[in-house]
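Hi everyone, thanks for coming. I'll walk you through one small set of results today, so have a look at the screen and follow along with me.

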Amino acid sequence: MEDSIFPVEDSILVALSGGREEIHARSGLRHMGNPGGEEIVYDWLDRQVANHA
């Protein structure tokens with residue numbers, strides 16, 4: 001939510017247009033959810049692979 005490079009509103013605009021998208025916005029983290037954003041992405045990716053296997 002506090003991304004200093006890309007405001008969260010930019011991500012919301014992208015998610016509202018086009019096909020299937022997901023947004024995971026966390027408060028208190030910086031650009032790309034760091035520190036700790038990698039774990040969020042890896043967990044999401046694991047779920048996606050498991051659901052499409």
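How much accessible surface does the chain have, and what share of it belongs to carbon and sulfur atoms? The surface comes to about 4,500 Å², and carbon and sulfur atoms account for 59% of that. Before I go on, please keep in mind that this is a predicted model.

Okay, the overall picture. The chain has two helices and zero strands. If you draw a box around the C-alpha atoms along the principal axes, you get roughly 35 × 30 × 15 Å. There are 53 residues in the chain, and buried ones make up 9% of them.

Let's start with helix α1, which covers residues 8-16. I12 is in that helix. Is I12 buried, exposed or something in between? Its relative accessible area is 38%, so it counts as partly exposed, because that label covers the range from 20% to 50%. I12 also belongs to a nonpolar patch on the surface, where its partners are L16 and I23. Taken together, those three have about 300 Å² of accessible area.

Now over to helix α2, residues 37-51. I've picked three residues from this one: E38, V41 and Q48.

E38 is partly exposed, at 42% relative accessible area. Which residues join E38 in a negative surface patch? They are E39, D43 and D46. While we're talking about charge, here are the totals: the chain carries 4 positive and 10 negative side chains. If you take the centre of each set, those two centres lie 5 Å apart.

Next is V41, which is also partly exposed, with a relative accessibility of 46%. How far is V41 from A15 in space? Going C-alpha to C-alpha, the distance is 17 Å, and along the sequence the two are 26 residues apart.

Last one: Q48. Why does Q48 count as buried? Its relative accessible area is 14%, and the cut-off for buried is under 20%, so Q48 falls on the buried side. And what does Q48 touch, if we skip residues up to four places away in sequence? The contacts are R20 and E22.

So, to recap helix α2: Q48 is buried, while E38 and V41 are partly exposed. That's it from me, thanks for listening!

Conventions:
Residues numbered from 1 in each chain as written. Predicted model: local features only at pLDDT ≥ 70, side-chain atom pairs only at ≥ 80, totals over all residues. Heavy atoms only, no water. Helix = DSSP H or I, 4+ residues; strand = E, 2+ residues; numbered from the N terminus. Buried < 20%, exposed > 50% of the residue type's maximum accessible area, 1.4 Å probe, protein only. Contact = heavy atoms within 4.5 Å. Patch = residues over 30% accessible without salt bridge, like charges linked within 9 Å, V, L, I, M, F, W, Y side chains within 5 Å. Areas by Shrake-Rupley, 256 points an atom, 1.4 Å probe, with all protein chains shown as cover. Salt bridge = Lys/Arg side-chain N within 4 Å of Asp/Glu carboxyl O. Lys, Arg positive; Asp, Glu negative; His and termini not counted. Charge placed at Lys NZ, Arg CZ, Asp CG, Glu CD.
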